[in-house]
Amino acid sequence: MAGSMKEIKLRIKSVESTMQITKAMELVASSKLRRAKERAESCRPYFNTLHQTLADIAASNTEFTSPYTKARPVKRTCYVVIAGDRGLAGGYNSNLFKMMDAQTQGEDYCVIPIGKKALEYYQRRGVPILTTEFALAADISVGDSFAIADLLCKGYLAGEYDRIAIGYTNFVSMLTQTPALLPLLPLESLNDPKELEQIRDGKPRMLILYEPDSETVFNAIVPEYLSGLVYGAMCESVASEQGARRTAMDAASKNAAEMIENLNLYYNRARQAAITQEITEIVGGSAS
Amino acid sequence: MNTFHLTIQTVDGPAFEGEAQRLFCRTIDGDVAILAHHADYCTALGMGEARVTLEDGTVRKAACIGGMLTMLDNRCRLLATTWEWSEDIDPERAHAARDRAQALIEQGGLSNRELALASAKLQRALVRSSVAKK
């Protein structure tokens, strides 16, 4: 009996130290989350307006001189995948990869992974990777997102891929984060064909004035647009990661507390049993 | 005077949202001024001073660098890489940044990439300090 008491005591100790770690991680995640959330919230209107504006332009665009606007037969797709740098964030990374796998099934594609987990995942699966330069999701700045946009544009113009989409995690609230896939290029793919039908609905397309001309405008705007969206998706993803980690660590701490409670119960029971046994032995000894 | 709805957004958050009489800014093709009921229009922004005439006629100045401008259906959306209102710019810092960038270029010995970065920096600093001065 004394042996099992010691075992339980050790178990309690180990669970306690795990709980200490999960608690600390939760605190770190919540303080990082606050900052990340502010950044995501200040960036969100820009992100949404940017996407909406380009979608509006694409809906009424009649100029196809720029290679960015015209859809070509898709032979290869380039995905920008934003995941976390570290694990222990609940389903944050695996949910994103699950969604990406469902989307990319049977396609010929390449990726630009952002975040260490994304890099590791696609390296393991042998998917062609365009660059490993942006492996750390946490320190991507506006300047880096411009570099990514530049890279994307160059590859797209060179015909290395015919479609660009970005996979990231939407920060819905502190408790919910949903992975999402957003098409970036060509601009035609921004609108759902059915919705487009409804918007147009027999109405003539509005003519937009481009100054100096549509090609120059698109060539100037598209890199800007890509970097804006990459940065926005980054902010959302970083906030989501911290949110997911906080929830996961909160659950882990709660589980650990529950486990300690149960183990304490067992410990007391074992102690009681040991004492009872000792008394029985003494009584038995004096009786004989 | 007629007004139009103007939204100015930057990566760091919204800079302006409301009615305006007139928007003046520098595009890649030169200066433009947008008034209410402008035809549907789309262009990319360059670096330069921007002026917004508000509903009550007051003029606000800002340093506007990069981005895009669209006017659709009397709603104007300006998405800037950076947009700083003149009152938010610290003139001393802007001047110091300009002098630093200038000194760096004059000193020479930079690689092409560094030179491009430095001249971009100088251009931004020039815009900023010229807006702050007035």
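Of the 134 residues in chain B, 48% are buried. That figure, like everything below, comes from a predicted model. Chain B is built from 6 strands and 2 helices, and reading from the N terminus the order is simple: β-β-β-β-β-β-α-α. Its C-alpha trace spans about 50 × 25 × 25 Å along the principal axes. Taking the contacts in chain B between residues at least 6 apart in sequence, 50% join residues at least 24 apart.

On the outside, chain B has an accessible surface of about 6700 Å², with carbon and sulfur atoms accounting for 47% of that area. As for charge, chain B carries 16 positive and 18 negative charges, and the mean positions of the two sets sit 5 Å apart.

Some of these charges pair up. Across all chains the count comes to 12 salt bridges, and two of the pairs in chain B can be looked at here. In one, Arg128(B) and Glu84(B) meet through their side chains, with 2.8 Å from N to O. Arg128(B) belongs to helix H2 (residues 112-133) of chain B and Glu84(B) to strand E6 (residues 75-85) of chain B, so this pair ties together parts that are 44 residues apart in sequence. Neither partner is hidden away: Arg128(B) counts as partly exposed because its relative accessibility is 22%, and Glu84(B) is partly exposed too, with a relative accessible area of 25%. Both values can be set against the cut-off for burial, which is under 20% relative accessible area.

The other pair in chain B joins Asp31(B) to Arg26(B), and here the closest N and O atoms are 2.8 Å apart. Asp31(B) has 42% relative accessibility and so counts as partly exposed. Arg26(B), at a relative accessible area of 39%, is partly exposed as well.

Chain A offers a salt bridge between helices. Arg125(A) pairs with Asp101(A), and the closest N and O atoms lie 3.1 Å apart. Since Arg125(A) is in helix H3 (residues 116-125) of chain A and Asp101(A) in helix H2 (residues 92-104) of chain A, the bridge ties together parts that are 24 residues apart in sequence. Arg125(A) is partly exposed, its relative accessible area being 45%; Asp101(A), with 22% relative accessibility, also counts as partly exposed.

Not every charge on chain A is paired in this way. A patch of positive charge gathers on the surface from Lys32(A), Arg34(A), Arg35(A), Arg86(A) and Lys116(A). The most is given by helix H1 (residues 2-60) of chain A, which supplies 3 residues to the positive patch. Lys32(A) has its place in helix H1 of chain A. With 34% relative accessibility, Lys32(A) counts as partly exposed, and it can join a patch because membership calls for over 30% relative accessible area and no salt bridge.

Chain A also shows a patch of another character. Ile275(A), Ile279(A) and Val283(A) make up a nonpolar patch on the surface, and together they have about 260 Å² of accessible area. Ile275(A) sits in helix H6 (residues 214-287) of chain A. At 39% relative accessibility, this isoleucine counts as partly exposed.

How values were computed:
Residues numbered from 1 in each chain as written. Chains lettered and ligands numbered in written order. Predicted model: local features only at pLDDT ≥ 70, side-chain atom pairs only at ≥ 80, totals over all residues. Heavy atoms only, no water. Patch = residues over 30% accessible without salt bridge, like charges linked within 9 Å, V, L, I, M, F, W, Y side chains within 5 Å. Areas by Shrake-Rupley, 256 points an atom, 1.4 Å probe, with all protein chains shown as cover. Salt bridge = Lys/Arg side-chain N within 4 Å of Asp/Glu carboxyl O. Lys, Arg positive; Asp, Glu negative; His and termini not counted. Charge placed at Lys NZ, Arg CZ, Asp CG, Glu CD. Helix = DSSP H or I, 4+ residues; strand = E, 2+ residues; numbered from the N terminus. Buried < 20%, exposed > 50% of the residue type's maximum accessible area, 1.4 Å probe, protein only. Contact = heavy atoms within 4.5 Å.
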